[in-house]
Protein chains: 2
Amino acid sequence: MSDTKPRILTGDRPTGQLHLGHFIGSHRHRLALQDKYECFFLVADLHMLTTKPDKASIEAIADNARAIVLDHLAIGIDPDKVTFYLQSAVHEVYEMNLLLGSLVTVERIQQLPTIKDMANAAGMDQVPYSLLGYPVLQSADILMPRGNLVPVGQDNEAHVEMTRQIARRFNLAYDEVFPIPDAMVVGGTLVGTDGNAKMSKSLNNAVFLADDETTVNRRVMGMYTDPKRIRADIPGTVEGNPVFEYLDFFHPDGANPAIPESQRNPGGTVVEDLKDRYRKGAVGDVEVKQTLAQAINDFLEPTRERRAHFESRTGFVDHLLEAGTQRARAEARETLMAMKKAMGLTGIWNRIRRSGEKFAKRQAATREA
Amino acid sequence: MSDTKPRILTGDRPTGQLHLGHFIGSHRHRLALQDKYECFFLVADLHMLTTKPDKASIEAIADNARAIVLDHLAIGIDPDKVTFYLQSAVHEVYEMNLLLGSLVTVERIQQLPTIKDMANAAGMDQVPYSLLGYPVLQSADILMPRGNLVPVGQDNEAHVEMTRQIARRFNLAYDEVFPIPDAMVVGGTLVGTDGNAKMSKSLNNAVFLADDETTVNRRVMGMYTDPKRIRADIPGTVEGNPVFEYLDFFHPDGANPAIPESQRNPGGTVVEDLKDRYRKGAVGDVEVKQTLAQAINDFLEPTRERRAHFESRTGFVDHLLEAGTQRARAEARETLMAMKKAMGLTGIWNRIRRSGEKFAKRQAATREA
C-alpha cells in the first residue's frame, strides 16, 4: 500500500442513474474529497439484492453500474483518483461478511431504525435475513480497503458506529488488523420536483444528472410550487417552496450554493430579487421556473461536456470498473489474509493441505519406485 | 457429475473427538448409508465460529478436524466412499450463504427454538448475527453439493425444512437449480456417564471412540447408576439407568443394539439376566459395570485396529481432507456458477470485464502503432 493518503469508502446501489438529490446529499462531497483521500467507490449490487433480488433488478445492474460511474465522471470525479468496483465480483467480501457476523448481535442490529425503514420502502412486511445483515455487509465493505473515513448521511451514521464496534471487537479478540473508521456526516437533502420530502427515481420526481436541456426544462416547468398562488399577483411563500430551494442550490446567486465555486456569483441578487417579488405577488411562476431551468442547465453544461467526452471513449467506463475491481480484489485479498491470519484460520487449511500433498507425493514416489 | 447415486450431506463441528453419544445419534447411521449414497461429510468449522469464535477454539480446529476424520475411518467409514471437506476452505459456501440469505426472513428463523438453545448452551445472553444465520449457512452446506438427503436428529429436522423452503424459493424466483432435499430423521440419544440427559465433552460425561481399554474401564466404573442402591442386595431400577441403557446399545445381547450386526448375539440372555438380578437386588454394580466395560471394549476393538492402521499412514487423514476439500470446491464452483447464472449475476461482471479488457487492448495497440 504505497499510497499514504487516508482512505474513503462510499458507494451507490445500482438501482438507476444519479439525480440532483444524490448530488446534493452525497456526490458533491465526493468531489471535494477526491484530492485529499484515496477513494474507493463501490457499486453495491449485493446490497441491492437485500431488497431487490428479482431478476429484472439484477438484469439492470450492469447498465446501472455503468451509468453510475459515468455520472461520477460527468460531475468531475477524476478517474485516476478513484477506484470504482463491483461489490459482487470481490469474493473476499462475502467471506469477510460471514466472519464479521459473529462480532455483532441480532439485538444490536435491530436497534437500528434503518433496517425496518428499508424493508417498508421495499414493500416487505418481513425483514429478510440478508437485509438484517445490511450493516454487517457494510462493515465488510468499509473494512475491506481498511477505510479511514466514511462519508454518510445522518441516517447512516449509526451504521458506521456499528462498523467501529465490529472493528474494535475484532482487533481486541484477535489482533490489530483494522483502523477504526470515522464517520463524516455530510449533509443535504433535496425535495422532489413534486414537493415530496425526498427526490427519488421511484417517486418519479427526479431531475437526473444525465437529463438533457429539453428534459430539464420540462421537469422544472412541471414543478410543484406554492399551491395557494393560482395567479401571479397573489403573494406566495418562498420557504419550503421547492423551486426556491433549487434556486438556492443551483443558481450562481443562490443562498446555499451546491455548484462548483467557479460557477458561483456571491453577492449576486437574482435569486433574492425573485424571492422578494414572489412574496409580494410581483412575479409569475413561469419566470421563476425559467430562471431555475436556466440555472440547472448552466450547472449541468460542463457535466454534459465531460459525459460526452467519456461516452465517446467506448469501453472506457467498463475498463475503469474492471481495473478498479481487480484493484479492489487485490486489496481485499490482503485484508482477508490479515484477518484470517489474526484469527488463526489460514493455518488450518494450509497445514492440512501441505501435509496432504506431501502424503500424495510420497505415495506417487512409492508407486514409481 | 458422473456418480448417479443420490447425495448425502452431513457433518460435525470440529469442537473435539467423537464420543459414543455421537455414534448413537449420528455416526452409526452414516455407516449404514455410505454404500447407497454419495456422501459429503463436512468439518463445519464456520458453524463452530458462530458460538466459539475465540482464538483457542480456532487453534484447535485442525487437530479436531483430523480427529473427526480418523474417528470416521475407525468406525468403518470407507475413505473411498466419502468426501470429507473443510467448510471454511470452500470459498463458494460464503457466497452461497450471502445470496441465500435474501430468501428467508428473520421472523421465520426466529421461530426455530434451536438458535436460542445454542446461544444459551454457549453461555451467550444475546444471539450473534452469524448464529441467527446458522440455518442459512446449513442451507448453503446442503445445497452446495445439491444434496438429496440429510440425515438429522429430530431437533434439526426444522432446519432441513427451511433448506427445502429456500431451495423452492430459489428455483421459483430464478431457475430450477436445486433438488429439494429430504430430511432423514435418524434417532438415538445416549445419556452421559453421569446420568445427564446428553453425553457431551463439555459436561465431562463422555466415553470417546478413541478411548483405550483402561480409560473405558475407568469411565464405566465411575458411571452413575440407581442412587437408591447403596448395597448390592437392594432392588434397583433398570429403566433410565445409564448402565443398562449402554448395555442395551453396546452388549452383543442388548435389547437395542447399535453395534455392527457381526458383533451382535440376538437371543443372548446376558443383559436380560443382569436386569433381572438388578431388579431383585441380586447383583453388585461392579459386575454390571465390568460386563458393560467389556462390551464397550469389545465393540471398540475393531475400531481401535482400524484407527491404528490409519494412524500408521502418516499424512493419510490430511490427504483425505485435502483431496476431499478440492473435490468439494469443484462441486461448489459448479453449483455457485449455476446459481449465479440463474440469478443473472455472472453476466454482469463477465460483460464488464470483457469490454473493459477490450478497451485496454485497443489502448495498448494505439500506443504501439
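# A tour of the two-chain model

Strand 2 (residues 38-43) of chain A runs parallel to strand 3 of chain A, and the two pair over five bridges. Select both strands to begin, and keep in mind that you are looking at a predicted model. For a single rung of that pairing, pick A:Phe40, whose bridge partner in strand 3 of chain A is A:Thr83.

**Stop 1: strand 3 of chain A**

Stay here and show the side chains of residues 82-86. A:Val82, A:Phe84 and A:Leu86 point one way from the strand, while A:Thr83 and A:Tyr85 point the other way. Five of the five residues of this strand are buried, so strand 3 of chain A is largely enclosed by the rest of the structure.

**Stop 2: where the chains meet**

Now colour by chain and turn to the interface. The contact draws 65 residues from chain B and 65 residues from chain A. On the chain B side, select B:Leu98, B:Tyr129 and B:Trp349: these lose the most area to chain A, together 14% of what that side buries. Taken over both chains, the buried area is about 5800 Å², with 65% of it on carbon and sulfur atoms.

What about polar partners? Between chain B and chain A there are 28 residue pairs in polar contact, counting pairs with both residues at pLDDT 80 or more. Salt bridges across this interface number zero by the rule used. Next, highlight helix 16 (residues 345-368) of chain B, which gives the most to the side that touches chain A, with 13 residues. Colouring that side of chain B by class gives 32 nonpolar, 19 polar and 14 charged residues.

**Stop 3: B:Ile58**

Select B:Ile58, found in helix 3 (residues 55-59) of chain B. Its relative accessibility is 0%, so B:Ile58 counts as buried. Which residues does B:Ile58 contact, leaving aside its neighbours within four places in sequence? From chain A come A:Tyr174, A:Met343, A:Gly344, A:Leu345 and A:Ile348, and from chain B come B:Met48, B:Leu49 and B:Pro53. For a distance label, try the C-alpha atoms of B:Ile58 and B:Pro14: they are 44 residues apart along the chain and separated by 9.2 Å.

**Stop 4: B:Thr325**

Move on to helix 15 (residues 316-343) of chain B and centre on B:Thr325. With 0% relative accessibility, B:Thr325 counts as buried too. Beyond residues up to four places away in sequence, B:Thr325 touches A:Trp349 from the other chain, along with B:Phe84, B:Tyr85, B:Leu86, B:Ala89 and B:Val90.

**Stop 5: helix 9 of chain B**

Select residues 134-143 of chain B. Ten of the ten residues in helix 9 are buried, so this helix is largely enclosed by the rest of the structure. Among the buried residues are B:Gln138, B:Ser139 and B:Asp141, as well as B:Val136, B:Leu137 and B:Ile142.

**Last stop: B:Tyr246**

Finish in helix 12 (residues 242-250) of chain B, at B:Tyr246. Its relative accessibility is 0%, and so B:Tyr246 counts as buried. Where does the polar part of its side chain go? A polar atom there lies 2.7 Å from the backbone oxygen of B:Val191, and the backbone nitrogen of B:Thr193 is 3.4 Å from a polar atom of the B:Tyr246 side chain. Not counting neighbours within four places in sequence, the contacts of B:Tyr246 also include B:Leu190, B:Gly192, B:Met199, B:Met223, B:His251, B:Leu292 and B:Ile296. One more label to draw: B:Tyr246 and B:Ala258 sit twelve residues apart in sequence and 9.7 Å apart in space, C-alpha to C-alpha.

Key. Residues numbered from 1 in each chain as written. Chains lettered and ligands numbered in written order. Predicted model: local features only at pLDDT ≥ 70, side-chain atom pairs only at ≥ 80, totals over all residues. Heavy atoms only, no water. Contact = heavy atoms within 4.5 Å. Buried area = accessible area lost by both parts, 1.4 Å probe. Salt bridge = Lys/Arg side-chain N within 4 Å of Asp/Glu carboxyl O. Polar contact = N/O pair within 3.5 Å; in protein donor to acceptor, adjacent residues only side chain to side chain. Helix = DSSP H or I, 4+ residues; strand = E, 2+ residues; numbered from the N terminus. Nonpolar A, V, L, I, M, F, W, Y, C, P; charged D, E, K, R; others polar. Buried < 20%, exposed > 50% of the residue type's maximum accessible area, 1.4 Å probe, protein only. Pairing = 2+ DSSP bridges.
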